[in-house]
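User: Please walk me through this model step by step, with the reasoning behind each answer. I work at the bench, so plain language is welcome.

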Amino acid sequence: MISNLKLFKVGTFEFHLHHLLIIGILAISFSISVMVRSQAADYGFQLNEFDPFFNFRATQYLLDHGVNAYVHWHDTMSWYPNGRDVYSTSQVPLHFTAAFLYKIFGAGSSLYDFTIIFPVVFGSLTAIIVFALVRVMGGTTAGLFASLFFAISPPIIVRGTIGWFKSEPLGLFYGLLGLYLFLSGLKSQNRKIAFGKLIGGGLFLAIGFASWGGIEFFLMPLALFIIALPFFRKDHKFLLWAIPLFVAATLAVSGGFARPGISFVLGIRGFALIGPTIFLVAMIFIQKFSREGTALRNSLAILGGSIIAGVAIISSNILHAPSFRYLNAINPFLTSQDALVDSVAEHATPNLIQNFTYFSTLMLFAGLGIWLIFRKRSENQNPLPIGIKNEMTVFALIIGIVGAYAGGTFARLDLLTATSVIILASIGLAVITSEILKKRTQVKPPEISKKGTQGKISDNSKKGTTQGKKSTYALGMFASISYVVIIVALLLVPTIYPANGNWISVTKSPPTILNGGSNYAISTNDWPATLDWIKNNTPPNSVIASWWDYGYWIQTLGGRTTLADNATLDTNTIAKIAKIFLSSPDEAWRMLHDWGANYVLVYVVGQEFSSNGQQLYVLGGGGDESKKQWFMRIAGEDSSKFLQDDQFTPTDYFWQNTLLGKMFPFTPVTYFDPNTHVQSATYQSGYIGVYSKTIKYPVDGNGPLKLVYSSPSLNSNSSGIISGVLLYQINPNYVLQTSNSNIPTPQVNSTTVNPTTVNPTSVNPTSDVGVISTKYGNIVIKFRDDVAPKTVANFEKLAKSGFYDGTIFHRIIPGFVIQGGDPNTKNGSRDTWGTGDAGYTIPPEFSTLKHVKYMVSMARGLSINSASSQFFIMLGDAPNLDGKYTIFGQVISGQDVVDKIGAIKTDPATDQPIDPEEARMSKVIIQSQATQSTTSPTNTSSTG
């Protein structure tokens, strides 16, 4: 055939015409992928979504400070005040790969621009990897189909568009490369080459695990495949070293990363590879040494025993379990059990409409591929009643079914569903194409029958047989052309129809930084302008509170510290932020101030229109006004107090009694029925709220917050979509309207009381120490009566009277304080904890001592003269408390006990310990320091 025409030769490799055709199709796949993935650049050349901004900042840090500094980087701009260890909590291969390639190819461009293009390049290169992978399983034609399908697959492209500098594109590249090398190594006839490919397969698959956690779901098809191998492949000697080699390489490299790390190797995920490998080895030996006729029975017995043993090991909880969101992908019914996981769109279970939109005709071809795999052909020598040819076909079937299930339970894993469907669809389409075209080529033109030596054509040949064969040939040509037209049409339709919902259009959307993550295809300057204002107009050490979605933007583009970010490392912290937004303005102000926040940010989306000369607004579209329902679930609040029966429209209580309601610059004007346009002054079921613009905390006001910036579209008077970002300063001079707890609060008004500031003097500190006995050991406090003599005397008096015995540390905030000393915690109800005292108050004794870790200070209420019995021990530095609370001691022994109490599990809504016994002070005594050193009370050292 002409496709086998030899063009040239390089060494022993002969380059034929069909190789040129393959290269051309792959070049087309790569080009299509680049063009489709780059559509969003029409809206603006920016990083997309949220995580890419952190990944960009981390890559920049790696380039600026080097590998050693990166590995030991504790990022203090995240999760204030605790910070974040970046190396152990992020996708390290993404940062290293980008930094390495930028050093080579990034000349003349900024790192920001380089990371914008990065996912387009790697996503398009993966189309080439998919060709190689599917070619191993189903042949060259199937590989070419797979490459083309991959280039235009919506679920793959939407998580790999321009600016998507996240884990999925690189993780999928490394993961599929690892699978290809593994399967190619198994198929290789050269054992030396097989050895190298298996090692490489394990290496790249492990890097894929470290790049994106979703790649770990390849463990399921790999485990099933390894279990199936002894039944479908006969060269057991090869399998005995090949599979353990691959598994060992995978686990060794995976354990070398901080994430997934050693917990991966020793946990359920590592067991998913180790267990099947042990089974494979056992199965091979059983089959080898079993007597004739008993091999199958023994094999089934081993299989059953292995399944029982595996279930028992997993059920015993002796292995490290994967995180909740990965368990949720296995069991989608777990979603509703974790509000934070449920609130993330990527964790939702895809619906039927979404799946059909994403896969449509590919589902048809995938089903065809499954049928062809199971079809039993007469010439097939396989003794099984199905048409499985070899282990490669087995893997195609396994990955297709498992991938479809995983993606069907977890929206983010649509990438795996797409890959699985593409593999099966490509194999099915390749086989049916080959058979149809093969039938056409088998129909030959009519032969000329000879008569004697004259070469005359018989009448029968001309009139009968010849005409019949011409008709058959024409019919074959017609069927082939029709088939090609139908296939092309089936593949083209979803790429162009419907106009605004086809495969190409659904992948085109504005970068999130330009549309705020709203539901509208808008491109505004609201977020970039806000973040630029923050960077240039707030103090560099400012701490900004916001919903966790926006943490990475504020850190990277605003250059400021945040309470939380998109990593969701601490569910309790996010729940506390939600609680703050839903609390009363006074309580929220106190919580924000205690946390050390200086500003708080809120984002709102809606539509503005003019009516009778008045600017009015309808809210909803993806901002915090649409996320407030999740705030309530995550904070554990009863939504009926805040929302009407439609679970969206806010109640009057929300507008009047929550910080979030006060931060939204809107006031209800009327409610209307969208069907009848009837209006109502109060909410009616099915009605939509209409609002006017009202700034409740102006910059010159004396409320708990002051509006210092609002973004451009919120200040526009033209009709259309608003994407408003508002930044409020937390008023440091705000006077609380009520006081209901004896806990640390800032100085209210320094002009109303003028206490004497006491500086450390030459007076020697007391020789007494306080010893607090707890479940975890003793905390020894050295008193500072040189700066706070009255406070020390009061503490000693209460301790000697047994006042503190049996009380608990009722307020625990990791990284901030543990607080105790309330007599109500002995037997009072939880709602009274924090309100008790000794029945009298003592004056403050401020000093120049600093509120740093392990310092002991007095709690108080609204008045600076309200200190009584409650005290707190610092778990971190809090300079905002300096000069406002009386420091009277320092922990000199038992710091580990303080840390253990600070790590006790608490109710995020109240900061109270869930188990009071964990935080109880069994005894508080006073000893002289000299006596304490020789006659310590029971359990003076930490017992853990």
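User: Among contacts in the chain between residues at least 6 apart in sequence, what percentage join residues at least 24 apart?

Analyst: Happy to start there. Contact here means heavy atoms within 4.5 Å. Among contacts between residues at least 6 apart in sequence, the share joining residues at least 24 apart is 69%.

User: Before we go further, what kind of model is this, predicted or not?

Analyst: Residues are numbered from 1 along each chain as its sequence is written, and side-chain values use heavy atoms, with hydrogens and water left out. Local features need pLDDT of at least 70, side-chain atom pairs count only at pLDDT 80 or more, and totals for chains, interfaces and linings use all residues, since the model is predicted.

User: How many helices and strands are there, and what part of the chain is buried?

Analyst: Helices (H or I, at least four residues) and strands (E, at least two) are DSSP runs, numbered from the N terminus. The chain has 33 helices and 21 strands. Buried means under 20% relative accessible area, exposed over 50% and partly exposed in between, with a 1.4 Å probe and protein chains only. Of the 944 residues, the buried part is 54%.

User: Which helix gives the most residues to the largest nonpolar core?

Analyst: A nonpolar core is a set of buried Ala, Val, Leu, Ile, Met, Phe, Trp, Tyr and Cys residues joined through side-chain atoms within 4.5 Å. The largest one holds 179 residues, and Met-137, Leu-186 and Phe-666 touch the most other members. With 14 residues, the greatest contribution to this core comes from helix α6 (residues 111–138).

User: Leaving aside neighbours within four places in sequence, what is Met-137 in contact with?

Analyst: Met-137 is one of the residues that touch the most other members of the largest core. Beyond four places in sequence, its partners are Leu-183, Met-392, Phe-395, Ala-396, Ile-423 and Ile-427.

User: How many residues are in the second, separate core?

Analyst: That core is separate, and Val-792, Ile-842, Tyr-854 and Ile-887 are included in it. Its number of residues is 46.

User: What does Thr-791 touch, not counting residues up to four places away in sequence?

Analyst: Thr-791 sits in helix α30 (residues 789–800). It counts as buried because its relative accessible area is 1%. The C-alpha of Ser-868, 77 residues away along the chain, is 8.9 Å from that of Thr-791. The residues that Thr-791 touches are Ile-842, Glu-845, Met-858, Thr-886 and Phe-888.

User: Which helices do the buried residues of α10 pack against?

Analyst: Helix α10 (residues 191–211) has 21 residues and spans 30 Å from first to last C-alpha, close to the 30 Å expected, where the expected span is 1.5 Å times one less than the number of residues. Its buried residues include Leu-198, Leu-205, Ile-207 and Phe-209. They pack against α5, α9 (167–187), α11 (219–232), α12 (236–256) and α13 (262–266).

User: Is Gln-91 buried or exposed?

Analyst: Gln-91 is in the loop between α4 (86–89) and α5 (92–105). Asn-55, Ser-167, Ala-210, Ser-211 and Arg-259 are touched by Gln-91, leaving out residues up to four places away in sequence. Because its relative accessibility is 16%, Gln-91 counts as buried.

User: Where is Pro-260, which follows a cis peptide bond from Arg-259?

Analyst: Omega of the bond from Arg-259 to Pro-260 is near 15°, and the bond is cis. Pro-260 is in the loop between α12 and α13.

User: What relative accessible area does Trp-79 have?

Analyst: Trp-79 lies in the loop between β3 and β4, and the loop between β3 (74–75) and β4 (84–85) also holds Pro-81. Although not a glycine, Trp-79 has a positive phi of about 50°. Tyr-80 to Pro-81 is a cis peptide bond, with omega near 0°. Trp-79 is buried because its relative accessible area is 5%.

User: How are α25 and α26 oriented to each other?

Analyst: Axes are lines fitted to C-alpha atoms, for helices over the stretch in contact, and angles run from 0 to 180 degrees between N-to-C directions. Helix α25 (residues 571–582) and helix α26 (residues 585–595) pack at about 140°, with axes 9 Å apart. Angles under 35 degrees count as roughly parallel, over 145 as roughly antiparallel, 65 to 115 as roughly perpendicular and the rest as oblique. The two helices α25 and α26 are therefore oblique.
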